[in-house]
Structures are given as C-alpha cells and as structure tokens.
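Colleague: Could you take me through a close look at one part of this model, and then carry on to whatever else stands out?

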Amino acid sequence: MMPQMLHKTACPYCGVGCGIIATPKPDGSVEITGDPDHPANFGRLCSKGAALGETLSLGDRQLHPLIGERRAGWNEALGLVARKFSETISAFGPDSVAFYVSGQLLTEDYYVANKLMKGYIGAANIDTNSRLCMASAVAGHIRAFGSDTVPGVYEDFELADLVILVGSNLAWCHPVLFQRLIAARERHGTQIVVIDPRRTATAEAADLHLALKPGSDVALFNGLLQYLFINGKADTNFVIRHTSGLTDALTACGNLDNLVETTGLPLDGIEDFFALFADKEKSVTAFSQGVNQSSSGTDKVNAIINCHLLTGRIGKPGMGPFSLTGQPNAMGGREVGGLANALAAHMDIAEPRHRALVQDFWSSPAIAAKPGRKAVDLFQAVRDGGIKALWIMATNPAVSMPDADLIRDALRACPFVAVSDVTKETDTARYAHVFLPALAWGEKDGTVTNSERRISRQRSFLSPPGEARPDWWIICEVAKRMGFGGFDYASPAGIFGEHAELTSLGNQGTRDLDLASAGPMTDARYEALAPFQWGRDDGPEKRFFGDGGFYTADGRARFVPTAFRAPASATAEQRPYVLNTGRIRDQWHTMTRTAKTARLMQHIAEPFAELHPDDAIVLGLRSASLVMVSNGTVEIVARVLISPRQQRGTIFVPMHWTRQFSANAVVNRLVAGNTDPHSGQPELKWSPVALKPVAFAWYGFAVSRIKPRCAGLDYWSLAPAESGYRLECAGLDEPSAFDELLGAIFPVRGEMLAYHDRGSGEHRFALFDGDRLEAAMFFSRQPVGVSRNWLAAQLAGATEAENRLRLLAGRGGHDRPDHGAIICSCFSVGINQIAALIPYRVCPSGRRHAASKHSRYCRSSSTLRVAAPS
Ligand code: SF4
C-alpha cells in the first residue's frame, strides 16, 4: 500500500495563519489536521479550519474561461483583457483602469498585480479588500512608527498579565489565538478586558467587559493616557529617548470629566480598567475591526498606541499594541504594496528615492508617481465613468463593500469588467465581461503572512481542475499580452525570490521589511520553506521597538494627537438605531467557501438582526419574527434575535449573506460609504437605520434533498444540509392552497403525508420516495417552531414507517433526543447536550452563568447558588 502523502500548508481563512496538514485519501477526500509544528497554532484548528476538507468539491467551480456566457480559450480571454486594458489606457490614460484585489491572494499573486499596475501601467489604482479590514491599522502604524510595523508577536498574548481586546470578538474571529490566550490564563491568571459595545462570546470570557458607546474608543484611550500621565505611570526614560509629541497628544485629549457621558460607561468600570492598565506592566492591547472599520479608525489606533508609548510597553515580551488582521494574507498584501497608497516592499510611494529604486529594480517603463484610488473612491470613480476598465481578483465587492447598490451600479455601468475567481456563483461575477477561472486553496502554491509577520507556504495538494490557472500566471499572461517584459516567471518561487530581493535592496536597516535572510529562492528551497517570521534579528522572537529605533526621520515614535470625534453620520430621528455589522463564528466573508459545508451551517443558518429586549418591546418585535432594517433608501429583511448582549438602540447584522443564500439580506446595502480621512477605511460598524416589523401572512421551514425554488417567495434564506438543503421562507399573502405552494417550491413527485389545521393555519407535509424523505415542509401563521437540525438530519437515511408521523411533529421522540442548536460544529454538539451537563449558578439579579464563568465583579457582589440545569 502506498504511504499517504502529507502536505504542510496554511489555513486560507483568518489572519492567525494556522498551519495545516492536509492528507489526500484514496477515496478522494482530504483529511485536515492542525500542524503541531506550526508556531501560530501548534496543532490547534478552529471549526472553520477543521472543516476545510469539506469545502473542496468542484460543484460550484467555473473551470474554463468565459467571455460573457460563452466558453472561451485562455488565449482569447487573456487577449481580450489585455486589449481592453491597453485600449483604455491609450484613449484615457493610465488612471482610467484599476485592479481591485484581495487578502485571499497569495503574496506572489499580489506582487505581480502590483508590479503590473504601478510599474508598467504606471498608475496606482490597485486597491484591495484589505482596505475594509486593516487600513486604519496601517495608517496608525505609519503615523506613529514611520512604518507599517506590527511590533509584537503572538507569544505576547501568553506572556502578558493583562490582555485588552478592543473591537475584537477574538473568540469567533481569531479562534485559535483566543484558545492560546485562554490556555495562558489558566496557567498564570492573565486578566482579560474586552472593550466592545456588544457582549460577544469574547466578552463573556472577560474579567471586565466595557460595553462602551459605539465609536467612543478614542475618548476612552485619551482618558487612559491622561490617567497614566497624571498618576506617574509614564516611562520617562523611554519617552525622552524614543518619542516626540507627548505634550500635544495630552492637550488633544480634552476633558476627562465628560468620559462617562461620552463613552456611556460606568465610572467604576472606567476606573477599574485604568487602574488595571496602570498596574500591569505586561499588557497587550489587541484591536481589530471594531477599531479599524470606523470614520475615526486611524485615531483609535493611535490613541491605543499613545498609551503604550507613554508607558514604554512596546516590543518587549508580553507588551505592546497588536493589530489583528482579518484575512489570511492581508499582511502579505501590505508587504508587496497591494494598497493604493503603498509601494512594494514597505516603501513609500511619496518618496522619490523609493520610486526610483523600485523602477530600477523592475526595469519598468514607468512608476506610479502618486497614490491611487482607495476602495470606496475607486468604485465611485467606476460608477462616475473615471475608471473604464476594472479587473476584480478573488473578491466579491458587490456584497462586501459599503453602499453595495452603488457597487452594482458601478459594475453594470463599467465598459469592461474582468473577474478572476474560483467560482462564477458570486454576486460580483455576474457583471463580468470576461471570467478567468483561478485555482482554489489546495490547488495553488505560494506564501501568506499572518498577523505576527510569519510567512508560511500554502502548498498545493490537489491537481489543477479543468482549465483553472494560478492567479500569478493569469496576471503575467495579461501583462505579456499588453506588451510588457518582466513577467516571465516559471513558478511562484521565482516571484517570491524577486520580492525578497527587493525588500533588501537599498535597505541597510532603513526599512522594517528585509527578507534577505530568505536567500536566493530555488524551486526546491521554496518547496521546503518552513514558516519563518521576519523582524529585527535580535532573538528568536522578532519584536520591534523595544529599544526604540523607529522608522521616522529622527528615529523617534510620534505621539499622535487624537481629539475625539463622534461617528461621521448623525443619527436622524427617522433612523434611530445604530447598525453594527460583522462576522459570525462559522462563516467566512461572503460564504463562497464556508457555505459548501453543512456542518458550518448548523451553527447559524440564517441572517439575523440582533437587538435588545427593550427595543423589541418598543417595536413590537417577537423573537424569530422578521424585521425590515432600512437606511431610508434601501431595506433588508432578517430574522429577529432578541438578546441582552446588544445595547439598547443598536442592532447587529452579520456581513456574510449574499443573494446566493437569501432574498434580501446583503447588509452592506445599508452602509454608507463614509471613510476614515487618513486610511480610507469605510465605517462598517456605525450606520443609522430604522427597524420595522413586517406583517407576513405565513412562515415556512423546509428540509429537502433537491434545491428549493425560491423565486417568487417574499422572504427566503437557503442553507446546505448534510444531504440536501434547509429553507426558511415567508409570504406576505396567504396562498390559495399550501400544497400548491409546496409543489412550486419542490417540483417532485412522491408519496405525500400531510397534516392541516386550517383554524390555526398549520400545514405540514412530508414527501417520500420509498423509505427516503425527499422533503418536509412546515407552514404556520407564526414563525415555525420545529427542531431544525433534527429534521435536517432525517434526510440522511431511511425513515421507518413508524417514524413518519414524528416527521410531521417536527421533532424526535424521547428515544431520539433533539441535540438543539449546534454549538460545537467540529463535533456536532448541540446546546441541549451541553446544557444537560453543565451546572448553572444563578445570581440574585436573575442572570445565569456557567459555574466557571463568574467574573470577580460578579463574585464579589453576589451570593451564588447552584441551579438545576435548564
Ligand atoms: Fe484558520 Fe483562523 Fe481558524 Fe486558524 S483560527 S484555523 S487561521 S480560521
């Protein structure tokens, strides 16, 4: 028997950058395990990473080029893209074309895309969906450090005595790093503070949760800066030797007296946080999208950094500000200059010496002389006709960008749109004049850089399917057809070697990024490349700035004055709620990969709007009803989730759902294109909206083997199930006959079992093919109350005759317990199973906690008793 081949690769989801071992099996499946030797995860994986093997099917893939809807050969498709770009540039100049790329691209793909745009086309209109993720962190780093440098490493989370998580639901969005933090807390009692308007899963695990008013982070950290200064916590030696601008930063902080009102936090909570920070020298402040996705995102970043500079807590073990990147290769994109305002190798597009250096190295005919258009601006220029040829690579801006309707208008109006991606089943690809099929994870080869500057190889372990090609190859072939030299690479190894060489060119310690140690890159060396971290060569953990050495002209870090500004749009009376958007635990971006596995859909299978119980009462919204969320111009509809985790006056809607999976739940349709003035990052977490109940005449839920027909339904949301689909739906008008409606949604024949209670409006159907359940559907005048996961599981096997009636009941009997909503997707463990095992404790206030989860505040103020499991 042939030995099974193990492939060491990296996860394609979040910026933690976990190492993975992929083992293809003889039956065509691929076993996925965490790589115990990878320094990011040491063998751990989260639910998304662990389910990667279930996302490799080819069913949704586009495997040959398309011109319009017509199949085309590569030569014709590439030639057309090259000709359209060349003609547009000839007629309207280099600024009339643009690339919109992605943190899903590998560094090598990014490098050649950036080289083509900035060095050969001669414009800088290349921007990336990383603009939506961490552009404010980049701008904040550059303002403070003179370079886009993440000073710390993951190990700092384990060495710190205090970890402050700001605008980060680490438990759901960077789960393996969260696991490392929780394990460290168990070893040495790390205290965790979460600063977030929502009581997220991360906040549940915190010692202190500060549920501040959305957008008030700058005020809180300005208050902390003043507190530290007044209480003698400044590291005077560090401040004098390595920084400048402290006085101006302190002056800009404003009046501490307003802090309670501005942040909405209780005074004792603020004081506890300030005292903790003052007391714990080993402190890490990690921040993510709640900080970055804001019209004052860059100021938020600098307000945090100011506190670390004042205390000298930067670049030392267990200390520092830490930017958590959302995407697997947001950092790699930054390294090669994939942002419109950056140059390759962390060089500065505004610096003539850097431009000359890059142009010489590339021997290129041109070099972009000024920054290009950032994402929001770029798509506005497409809509307004300033950009006439656009190439979108590996991303879905029709869903992920703010003002999503404007993006659609722009794509519709653009004279030429090329899209390269793995699937054509996206809301964006439908606008492509030319579709170029790219390789997916598991098929492509290259490198990615994680949030702690660690470069890992993504390795191919599957043969390229159909005619799909690597992104770097597609970009180089277009470049060659545009008549450009400099794109003759035989493999990604050659591209990586060139990138590494450029990072050390003329560097001599003047720039943070220097990959000279990677050495000349042969194919064999590249293939064997182990994960490595770049940084200063001052030890095995490559931190920056522990002893100064910032990349400003005088080598000093800058305190940046950050006066508090309220979010850009004022809340209008007609739109009294603040909408926050974000991720859920088991989905990734616009679900093009994660929705391929039913396991990940068991956690949350439908778009929802989470709001506070008091708001629900005021609005007359009941749990599981449907609500219209409107920004005054457009509206979406989502399922109501009532929860005290949400502040009054705010709602949360996940960002993932597209038109592939829902009738009308693309939440970014509601978000205006307001951006941070320094970073250009859009404000995705603060949009004024109105909420209104929708009077549906009926609600439906179905499970089925065949894909339901959703066209014509007023509301629907579709998710894959283990052996088929699950459908939530609703209608504004009662149909003349529910069995006719059933037939329209599931046009299949079979043996029908039905139950009708016309008085209550309950209609239930189960459709069989022999002993196999084909579909079961439940209609009601109220939101349907059945056991969804149990019903979905019934599609998997035969249904014995005696159990058919249970199907109509919508739940299993005592001998077939309902596991409830799935909490652990890795092992399909439901909430009912967990609840049966965990003793609860109940505070006098009536709040229930798992016995292990009382914070010190709870313990000190409450007498606890053990309650029976619920
Ligand atoms: Fe992948 Fe991030 Fe999960 Fe690690 S934590 S397995 S990188 S999604």
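Modeller: W790 counts as buried because its relative accessibility is 9%; buried means under 20% relative accessible area, exposed over 50% and partly exposed in between, with a 1.4 Å probe and protein chains only. Bear in mind that this is a predicted model, where local features need pLDDT of at least 70, side-chain atom pairs count only at pLDDT 80 or more, and totals for chains, interfaces and linings use all residues. Residues are numbered from 1 along each chain as its sequence is written, and side-chain values use heavy atoms, with hydrogens and water left out.

W790 sits in helix 27, residues 788-793 (helices are DSSP runs of H or I with at least four residues, strands E runs of at least two, numbered from the N terminus). Go 20 residues along the chain and you reach G810, whose C-alpha is 8.1 Å from that of W790.

D586 is in a loop instead, between strand 21 (577-582) and helix 24 (598-601). With 0% relative accessibility, D586 is buried as well. Its side chain makes a polar contact with the side chain of S47 at 2.6 Å (a pair of N or O atoms within 3.5 Å, one able to donate a hydrogen and the other to accept it; sequence neighbours count only if both atoms are side-chain atoms).

S47 starts helix 1 (47-50), and helix 1 and helix 7 (175-188) each give at least two residues to the shell around the ligand. Among the residues there are C11, C14, K48, G49 and P175, counted when a heavy atom lies within 4 Å. By class, the shell has 8 nonpolar, 2 polar and 1 charged residues (Ala, Val, Leu, Ile, Met, Phe, Trp, Tyr, Cys and Pro are nonpolar, Asp, Glu, Lys and Arg charged, the others polar).
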